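Here's a quick briefing on how the chains sit together and how one of them splits into domains. Have a look at the model first.

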Number of protein chains: 4
Amino acid sequence: MRTGMWLIGARGSVAVTSIVGALAVRGSFAGPPGLVTELPALRHPAIPALNDLYIGGHDSAPLCLVKKAQDLAAAGVLPAPIVQAVLPELNSLEGEVLPVPTGRHQLEVAQRAADDLRRFQERHDLDRIVVVNVSATEPLRHFDGDLGMLQEAMRAGQVLSWSSLYAHAALSAGCSYVDFTPSTGARIPALHELALENQVPYAGHDGKTGETLLKSVLAPMFAMRHLQVRSWSGINLLGGGDGATLAEPGANAAKVASKQRVLRETLGYEPEGQTRIDFVPDIGDLKTAWDLITFSGFLGTRMRLEFTWHGCDSALAAPLVLDLARLTAAAHAQGLSGPLPELAFFFKDPLGDVPHGLAAQWNLLCDWIGGWS
Amino acid sequence: MRTGMWLIGARGSVAVTSIVGALAVRGSFAGPPGLVTELPALRHPAIPALNDLYIGGHDSAPLCLVKKAQDLAAAGVLPAPIVQAVLPELNSLEGEVLPVPTGRHQLEVAQRAADDLRRFQERHDLDRIVVVNVSATEPLRHFDGDLGMLQEAMRAGQVLSWSSLYAHAALSAGCSYVDFTPSTGARIPALHELALENQVPYAGHDGKTGETLLKSVLAPMFAMRHLQVRSWSGINLLGGGDGATLAEPGANAAKVASKQRVLRETLGYEPEGQTRIDFVPDIGDLKTAWDLITFSGFLGTRMRLEFTWHGCDSALAAPLVLDLARLTAAAHAQGLSGPLPELAFFFKDPLGDVPHGLAAQWNLLCDWIGGWS
Amino acid sequence: MRTGMWLIGARGSVAVTSIVGALAVRGSFAGPPGLVTELPALRHPAIPALNDLYIGGHDSAPLCLVKKAQDLAAAGVLPAPIVQAVLPELNSLEGEVLPVPTGRHQLEVAQRAADDLRRFQERHDLDRIVVVNVSATEPLRHFDGDLGMLQEAMRAGQVLSWSSLYAHAALSAGCSYVDFTPSTGARIPALHELALENQVPYAGHDGKTGETLLKSVLAPMFAMRHLQVRSWSGINLLGGGDGATLAEPGANAAKVASKQRVLRETLGYEPEGQTRIDFVPDIGDLKTAWDLITFSGFLGTRMRLEFTWHGCDSALAAPLVLDLARLTAAAHAQGLSGPLPELAFFFKDPLGDVPHGLAAQWNLLCDWIGGWS
Amino acid sequence: MRTGMWLIGARGSVAVTSIVGALAVRGSFAGPPGLVTELPALRHPAIPALNDLYIGGHDSAPLCLVKKAQDLAAAGVLPAPIVQAVLPELNSLEGEVLPVPTGRHQLEVAQRAADDLRRFQERHDLDRIVVVNVSATEPLRHFDGDLGMLQEAMRAGQVLSWSSLYAHAALSAGCSYVDFTPSTGARIPALHELALENQVPYAGHDGKTGETLLKSVLAPMFAMRHLQVRSWSGINLLGGGDGATLAEPGANAAKVASKQRVLRETLGYEPEGQTRIDFVPDIGDLKTAWDLITFSGFLGTRMRLEFTWHGCDSALAAPLVLDLARLTAAAHAQGLSGPLPELAFFFKDPLGDVPHGLAAQWNLLCDWIGGWS
């Protein structure tokens with residue numbers, strides 16, 4: 001099962017951490033922790049091995065993979081000895097990361113991106129490719145018409161955000177598509193139509209790595225114990241590229257909406273309070289999130305929970321990118337198409353009408369894989 | 001379904017909060033939050049209503065219920081208007097709390113306690129009684145022989161801790177027994193024998209109210225994400241009666257062992273670190289627990305989670321006492337006997353070979369009740 | 001030394017807590033803690049006793065003092081027994097709180113407010129009055145001309161914010177003026193001119209009660225140890241009236257600027273990060289502030305400090321209002337006029353070129369009082 | 001002013017960090033942050049420059065300095081490039097670290113240690129030497145007799161702990177002595193006698209690096225604001241060598257006593273609560289301390305402060321070792337002898353009747369240096 005993993009934003013922190021990690025685990029320079037698909041409970045012959053992954057991608061940044069990996073090592077995000085160990089292999093992947101295609105209009109750009117995918121598939125004789133978007137968060141941008149109307153509009157001007165343009169490229173080339181960001185991606189009726197037409201699956205949105213991961217276990221705890229969550233306020237302090245992007249109001253709004261959804265869905269009501277994201281360059285990639293939850297219990301007694309999470313976003317996100325690529329490719333191989341709600345476990349803002357508590361999402365995932373041939 | 005709830009330690013903070021709470025919810029002076037058995041997911045006709053509960057108990061303290069409730073209100077643990085509202089009913093229960101029986105030897109004491117239970121049953125024409133131990137934590141004390149040997153030994157001297165003596169009284173009187181403390185209770189082979197002989201169920205141990213409740217959702221989160229928990233250290237600062245008891249080394253050891261079990265069981269290994277309990281009178285009943293968890297993820301990246309829990313132990317424990325009494329009585333009515341592992345959701349140190357993650361315990365509980373006639 | 005304390009915003013939380021507190025300490029229903037002027041180090045015969053304070057004020061709200069005090073007791077801000085104990089005296093003060101004067105133009109309003117002050121002085125045969133602004137925070141509003149130009153402009157339209165209008169009233173009536181808020185108050189050249197002309201002192205700005213109090217001891221600690229503060233980020237979650245006001249952008253900006261000044265002044269540079277204020281009604285008056293400070297030490301080693309402050313703003317502010325009234329009246333009696341930089345200890349954003357570290361401010365205060373006749 | 005800095009425990013983490021740091025700052029591989037003596041406010045011509053320091057020491061460990069420095073770099077305590085940069089110089093110091101002397105009795109050991117100091121002085125033509133104890137914490141051990149009795153007792157058996165034995169060696173060789181640990185050191189009447197006899201100064205105890213540093217600014221803040229501290233509880237989680245030592249009950253008791261003193265001294269009373277030290281190997285040298293302070297203010301209102309300190313003990317301690325060596329040598333050169341209470345700023349448990357608030361200690365230090373010729 002030769003499987004392509006094509007990364008949109010292939011030279012970003014998350015992508016490079018994923019690539020270095022895949023090479024490191026493959027070469028036994030690092031162990032499996034962090035990779036959900038390496039847990040005994042999730043092993044299944046239909047899931048391609050890390051050794052079966054062929055990696056490529058698009059990126060507009062001129063920085064080479066090796067330099068980016070060394071920068072991440074210098075910043076303490078990647079262990080320097082691991083970067084050193086995979087350097088030759090990493091270097092050999094430079095040619096697989098292509099510049100973002102250009103064209104006279106969006107449809108042409110999407111077609112050229114799809115051509116890149118087809119050439120990648122031929123070059124490595126791949127059974128299938130999964131395209132994973134790990135580029136910077138964009139403001140949300142919708143389009144309401146059907147596929148014909150969409151393609152006509154793409155020919156005429158700028159109607160899609162980049163994430164959706166790449167989703168179009170992937171789905172039209174017969175590749176599955178995963179959106180690891182809160183951007184619009186494939187969440188457009190015309191792209192859903194395209195996915196069904198080409199019988200490819202898609203998944204998203206917004207990898208659940210830190211504060212929201214905690215929310216997805218803590219909120220169900222309050223619900224199961226019949227405790228009333230009165231307010232849930234949080235602040236995320238982060239530096240690095242993602243932090244700078246999220247300081248931009250449009251992207252910030254997309255992200256914050258994605259982060260709050262879990263409370264409404266697991267509690268059945270929306271407590272007071274909001275989630276803030278502040279850019280603090282000094283903090284770098286080791287994000288700090290602080291949350292205060294006020295709640296009341298029996299006879300109205302008021303209580304509080306506070307937590308501080310110091311998590312390295314790239315280290316939390318990167319293995320999930322590999323997990324999602326492997327599971328989506330397996331689903332594709334199983335003949336599934338359209339949205340994959342069973343991957344809700346991995347996302348802040350999952351597709352479909354699914355549970356939002358982590359344990360229920362885990363059960364859904366296990367049951368789903370358990371039913372594969 | 002007239003059901004007796006007989007509390008060992010009936011004048012303690014947890015017991016009085018339970019009693020006041022039951023009266024308050026019954027009288028609509030307070031809502032159902034905190035009561036798990038009032039969640040739609042757990043409603044079942046076999047579960048006795050709060051209105052069907054008849055309350056009594058044993059306690060060696062001379063303090064009357066009304067005075068204790070007023071003290072709890074003054075300390076901010078119970079809302080003063082609620083105490084005021086239930087005062088007449090609370091006062092009418094004073095006669096139902098009996099002094100701890102005495103006798104020439106432990107067997108006689110246990111028999112007299114059983115007689116108290118039988119008279120309570122007759123007086124109120126009860127279908128059944130559930131005895132709930134909410135007295136102070138004791139050092140663990142085991143006994144290895146069979147029931148005959150136990151009773152002989154009880155006749156000869158002090159072989160059982162109080163919790164086990166009351167378990168003997170309950171089970172021999174045909175009443176079910178719940179241990180809400182980490183004390184030994186019914187966890188003695190001879191008492192198990194007695195429960196089976198008399199066809200009554202028993203449950204325990206140690207109500208899961210605060211820090212351990214959090215552990216039971218956070219530890220599975222780390223496991224499901226394949227993150228390695230390297231250390232888990234915690235400190236519990238608490239005042240009030242329970243705090244003073246737990247400053248005593250024997251009781252402290254019983255409690256700490258109970259609190260750490262969840263990590264070993266859900267992670268499959270024991271991380272570094274320990275849980276401490278310190279008595280700080282000024283903090284009173286609003287316990288503060290602080291935990292630091294260090295963990296590593298993909299490529300060995302080191303990360304941290306800290307939380308602070310400010311929870312009112314009585315307010316967290318009291319509704320669970322009512323839940324356990326109702327569910328154990330229902331199980332008894334369903335004809336179940338022996339240990340009830342399906343109640344693991346409520347306990348730090350549950351009986352039987354059960355899941356220790358909260359969500360799995362919740363599913364176990366729901367499935368169990370769902371199967372009742 | 002009969003001293004009037006005239007509160008602008010006399011029916012607000014801070015004012016009513018000050019009044020109830022003054023009555024309670026006077027009547028020995030409460031001890032002196034919280035009152036800096038009751039510390040042995042600060043006692044001086046020139047400082048009027050609590051018994052010498054005569055209380056009055058302006059407020060536009062129709063709510064009576066007794067009702068407000070009872071509301072604060074119900075919200076857990078004031079102890080109910082203390083409110084109960086001072087009720088008769090509190091009730092007798094209702095007539096001393098006057099509605100906000102009206103007039104054809106701002107100068108007339110200010111003159112009528114000054115008339116209210118003069119009548120208050122006569123009614124109680126007061127030696128002097130100190131006016132303290134504890135009303136809601138306003139956006140900053142400056143005026144550059146001299147006193148003549150100001151009064152002409154006041155006659156023509158709305159040139160001053162309310163805090164400055166009241167400062168005008170106070171200073172023109174020969175009363176000293178203290179601004180406990182970040183509003184403009186007396187910080188206008190023409191009002192400074194008026195203060196000098198009438199030989200009255202004034203003080204401000206913005207009572208230092210919580211997060212900034214901590215900053216004023218922690219920032220000097222980093223400086224004295226030659227540790228580089230790299231970022232200082234904070235979030236304040238608060239409900240109550242002040243919280244709602246501060247959610248308004250103009251007031252928020254005034255407050256945030258006031259809160260950050262201490263870092264620049266004590267460190268000599270401005271670290272990354274910002275201070276946020278979020279309104280969370282459920283949290284009420286018991287504000288929670290969380291700060292994360294990242295710093296580097298010897299050889300560039302990176303370290304962190306986090307703190308969470310759960311402080312009751314009214315309880316922290318109210319005694320300072322009494323302290324400031326007493327000290328400003330004493331300074332007035334000592335013949336001082338113009339700004340009183342020696343009161344920097346009490347303010348986030350003090351007047352004059354003063355130290356911003358709390359200990360240095362304390363020494364300045366002690367030395368100042370020590371030099372009084 | 002050629003000054004020797006002789007380290008007891010010269011191959012430990014703190015010592016090696018001090019040495020690497022001195023070499024790094026000297027060579028401009030690192031800046032001055034962390035070094036208090038490099039602050040403009042403390043510069044004085046009497047203080048020897050870093051370039052004037054000649055480094056040697058005693059240690060029983062066989063590990064060489066270079067290896068230890070590389071280990072600290074691998075553990076993330078020292079920056080690898082800095083260690084690399086100073087490697088040649090560090091290597092040249094290996095010969096200056098001598099094994100712990102042996103002898104037939106303690107007096108002979110002390111004399112041989114003194115001989116080592118004299119030879120070091122001659123070898124480098126030093127004006128004076130300051131001996132700094134940075135070895136592992138020992139249980140406290142006192143001796144009540146005079147110098148003659150002490151030396152007789154030393155000849156007869158084991159009467160002194162190592163820290164005191166080294167203090168004897170230093171003082172008898174005319175070297176000043178600084179104890180950076182909570183061990184007994186020079187705090188023995190007979191050693192005080194020896195210091196006065198030989199006209200050398202001594203200083204101590206227990207470098208104030210983390211949690212206690214915070215206490216020394218926070219406790220005065222509460223005192224200055226007349227807020228009653230009701231409880232102050234803390235836990236220190238640390239790995240590394242010091243952590244293991246402090247898990248030993250005797251050393252732990254010495255340390256904990258040293259840590260609590262600041263509260264009693266600055267508040268004037270002792271709040272409830274205790275300070276715990278737990279050994280968690282995974283945490284390594286980046287210690288985490290968590291403290292909860294409960295306090296009450298005006299009208300008895302209850303409030304709380306929590307803080308978490310993630311500090312690298314070696315990085316905090318090492319520059320203070322250099323500061324203390326330079327300042328003690330300068331004091332010696334100024335002709336001072338006996339205890340140096342003016343160095344209280346640097347210690348948890350300072351000598352003499354001194355202020356315990358950090359700001360007051362800072363003023364004492366500045367005034368002291370300001371008075372030097």
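Which residue of chain B comes closest to the rotation axis? F307(B) does, with its C-alpha at 2.0 Å. Bear in mind that this is a predicted model, where local features need pLDDT of at least 70, side-chain atom pairs count only at pLDDT 80 or more, and totals for chains, interfaces and linings use all residues. Residues are numbered from 1 along each chain as its sequence is written, while chains are lettered from A and ligands numbered from 1 in the order in which they are written.

**Symmetry**
- Chain B lands on chain A after a 180° rotation with 0.0 Å of shift along the axis, at RMSD 0.0 Å (least squares on C-alpha atoms of residues with pLDDT of at least 70 in both copies).
- That's the relation of a two-fold axis.

**Chain-to-chain contact**
- Each side puts in 48 residues, from chain B and from chain A (contact: C-beta atoms, placed from the backbone, within 7 Å).
- β10(B) gives the most to chain B's side, with 10 residues (strands are DSSP E runs of at least two residues, numbered from the N terminus).
- β10 of chain A (residues 302-312) runs antiparallel to β10(B), joined by 7 bridges (pairing takes at least two DSSP bridges).
- In this pairing, L305(A) stands opposite W309(B).

**Domains of chain A**
- Domain 1 covers 3-206 + 315-370, and domain 2 covers 211-312 (bounds from an automatic or database domain assignment).
- Their centres, taken over C-alpha atoms, are 26 Å apart.
- Between them, 21 residues of domain 1 touch 22 of domain 2.

Note on methods: Two residues are in contact if their C-beta atoms, placed from the backbone, lie within 7 Å. Helices (H or I, at least four residues) and strands (E, at least two) are DSSP runs, numbered from the N terminus.
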